[in-house]
Amino acid sequence: MAKEGAERAEETEQMIEKEGGREGAEGSLRAGDAKEMRAVVLSGFGGLNKLRVCRRAMPEPQEGELKIRVKACGLNFIDLMVRQGNIDNPPKTPLVPGFECSGIVEALGDSVKGFEIGDRVMAFVNYNAWAEVVCTPVEFVYKIPDDMSFSEAAAFPMNFVTAYMMLFEVANLREGMSVLVHSAGGGVGQAVAQLCSTVPNVTVFGTASSFKHEAIKDSVTHLFDRNADYVQEVKRISTDGVDIVLDCLCGENTGKGLSLLKPLGTYILYGSSNMVTGETKSFFSFAKSWWQVEKVNPIKLYEENKVIAGFSLLNLLFKQNRGGLIKSVVDKLLNLYNNKKIKPVVDSLWALEEVKEAMQRIHDRGNIGKLILDVEKAPTPLVS
């Protein structure tokens with residue numbers, strides 16, 4: 001096994017050199033160019049074999065942008081869907097995946113104010129986060145507290161902003177309400193549980209794989225196996241159902257979630273992980289999951305006084321230009337962090353070269369909290 005680990009490390013180095021040489025031949029990098037970096041590159045949509053670490057030309061900040069020396073990157077379920085091409089209007093490949101990172105400001109573009117070289121920051125990035133260096137508009141960058149680690153900072157933006165926006169901006173969570181959240185052991189699920197604890201007398205119902213229950217049992221009020229009949233379990237405890245349903249699964253869970261809503265309750269769809277059933281995109285699985293979605297009748301919503309909503313943080317940021325709103329939410333969240341009300345849950349750290357193994361762990365729903373790509377971490381050698 002040790003020999004196998006050494007061979008894998010050697011193979012990785014050869015792959016990096018090969019990719020760097022090929023890009024140089026194509027003109028992306030000139031021989032001897034020192035301004036290059038390591039990055040995870042998705043060569044085409046498909047399985048894990050489409051990911052590899054390559055050498056790329058280092059970006060430089062344009063007007064209004066910051067250049068960040070990346071220390072850590074967040075890995076989210078949406079990254080699996082991007083890899084498969086299982087999203088609307090997927091970008092052209094090859095591309096560098098990733099939507100959030102943390103690091104140190106290395107350079108400022110023209111007209112950038114409020115930041116200095118050397119600032120510790122976290123940021124949203126419209127792709128390209130999984131690299132040693134990124135450039136992103138200043139409106140997507142936030143200073144991080146002195147006692148927040150880079151791995152915590154990389155686990156913070158996507159999960160906590162998504163959870164906060166759904167609970168407080170969309171569903172208007174208040175004292176005494178009840179919330180059902182799926183994948184309670186994941187990054188968003190743990191953020192939801194922590195934010196609910198900041199409001200008095202909120203009951204949290206969560207679903208998760210049974211092997212996670214011991215680790216997360218204290219973060220939710222009632223915990224159910226993700227494969228059990230959670231609808232009957234919830235109704236047994238609360239005959240009227242719940243006030244808020246947060247659904248990242250889609251498929252048949254849409255109808256179940258709507259059936260559990262109290263009058264004036266809100267169902268929010270923010271993901272569709274049920275459509276990711278294998279390593280590559282399956283049109284059969286996609287179609288099956290899609291046809292399991294209950295077709296919503298507006299008249300029925302009217303008669304039952306129920307609200308159905310959708311939430312996509314990335315669309316809100318990069319397509320709908322709501323950076324100012326997100327900035328105000330981040331400020332509120334950092335205040336909660338500084339007052340020790342919330343804290344990112346980091347599952348594990350992975351080297352860039354271990355991105356395939358990290359992605360497989362998310363696919364297997366093995367993580368509790370957030371997986372982080374640690375840019376400075378060396379790959380862990382295989383041992384017997």
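Is Phe99 buried or exposed, judging by its relative accessibility? To find out, select Phe99 in your viewer, keeping in mind that this is a predicted model. Phe99 counts as buried because its relative accessibility is 3%, and buried here means under 20% relative accessible area.

**Stop 1: two aromatic pairs**

Keep Phe99 selected and add Tyr127, which is likewise buried, with a relative accessible area of 15%. The model has seven aromatic pairs. In one of them, the ring centres of Phe99 and Tyr127 are 4.7 Å apart and the ring planes stand at 55°, so this pair is described as tilted. If you colour the chain by its elements, you will find Phe99 in the loop between helix 2 (77-84) and strand 4 (100-108), while Tyr127 sits in the loop between strand 5 (120-124) and strand 6 (133-137), so the pair ties together parts that are 28 residues apart in sequence.

Now select Phe205 and Phe224, whose ring centres lie 6.2 Å apart with planes at 20°, so that this pair is stacked. Phe205 belongs to strand 9 (residues 203-208) and Phe224 to strand 10 (residues 222-225), and the pair therefore links distant parts of the chain, 19 residues apart. Phe205 is buried, with a relative accessible area of 2%, and Phe224 is buried too, with a value of 7%. Before leaving the aromatic rings, select Phe156, Phe160 and Tyr337, which form one aromatic cluster.

**Stop 2: helix 2 and its surroundings**

Select helix 2, where six of the eight residues are buried, so that the helix is largely enclosed by the rest of the structure. Show the side chains of Asp79, Leu80, Met81, Val82, Arg83 and Gln84, which are the buried residues of this helix. What covers them includes strand 1 (36-42), strand 2 (51-57), strand 3 (65-75) and helix 13 (355-363), and you can add these elements to the display one by one. Just after helix 2, look at Gly85, which takes a positive phi of about 75°.

With helix 13 still displayed, compare the directions of the two helices. Two packed helices are described by the angle between their axes and the distance between the axes. The axes of helix 2 and helix 13 come within 10 Å and cross at roughly 110°, which means that helix 2 is roughly perpendicular to helix 13. Helix 2 passes helix 13 in a left-handed crossing. The contact is made by Phe77, Asp79, Leu80 and Arg83 on the side of helix 2, and by Met359, Ile362 and His363 on the side of helix 13. Sorted by class, this contact has four nonpolar, one polar and two charged residues.

**Stop 3: helix 4 against helix 5**

Next, select helix 4 (residues 157-170) together with helix 5 (residues 187-196), whose axes come within 8 Å and cross at roughly 50°. That angle makes helix 4 oblique to helix 5, and helix 4 passes helix 5 in a right-handed crossing. On helix 4 the contact residues include Phe160, Ala163, Tyr164 and Leu167, and on helix 5 they include Val188, Ala191, Val192 and Leu195. By class, the whole contact has eleven nonpolar, four polar and no charged residues.

While helix 4 is on the screen, pick out Glu169, which has its place in this helix. Glu169 counts as partly exposed, at 39% relative accessibility. Leaving aside residues up to four places away in sequence, Glu169 touches Tyr164, Val329 and Lys332. Draw a distance line between the C-alpha atoms of Glu169 and Val329, and you will find them separated by 9.5 Å, although these residues are 160 residues apart along the chain.

**Stop 4: details of the backbone**

Finish in the loops, beginning with Pro94, found in the loop between helix 2 and strand 4. The peptide bond from Thr93 to Pro94 is cis, with omega near 0°. Then select Ser183 in the loop between strand 8 (178-181) and helix 5, where this residue has a positive phi of about 50° although it is not a glycine. Ser183 counts as partly exposed, at 30% relative accessibility.

Which loop holds Asn201? Asn201 lies in the loop between helix 5 and strand 9, and its phi is near 60°, a positive value in a residue other than glycine. Asn201 is exposed, with a relative accessible area of 58%.

Methods
Residues are numbered from 1 along each chain as its sequence is written. This is a predicted model: local features need pLDDT of at least 70, side-chain atom pairs count only at pLDDT 80 or more; totals for chains, interfaces and linings use all residues. Side-chain values use heavy atoms; hydrogens and water are left out. Axes are lines fitted to C-alpha atoms, for helices over the stretch in contact, and angles run from 0 to 180 degrees between N-to-C directions. Helices (H or I, at least four residues) and strands (E, at least two) are DSSP runs, numbered from the N terminus. Angles under 35 degrees count as roughly parallel, over 145 as roughly antiparallel, 65 to 115 as roughly perpendicular and the rest as oblique. A crossing is left-handed if the near helix is turned anticlockwise from the far one by less than a right angle, and right-handed if clockwise. Contact means heavy atoms within 4.5 Å. Ala, Val, Leu, Ile, Met, Phe, Trp, Tyr, Cys and Pro count as nonpolar, Asp, Glu, Lys and Arg as charged, and the others, Gly among them, as polar. Rings of Phe, Tyr and Trp (its six-membered ring) pair if their centres lie within 6.5 Å; planes under 30 degrees apart count as stacked, over 60 as edge-to-face and the rest as tilted. Buried means under 20% relative accessible area, exposed over 50%, partly exposed in between (1.4 Å probe, protein chains only).
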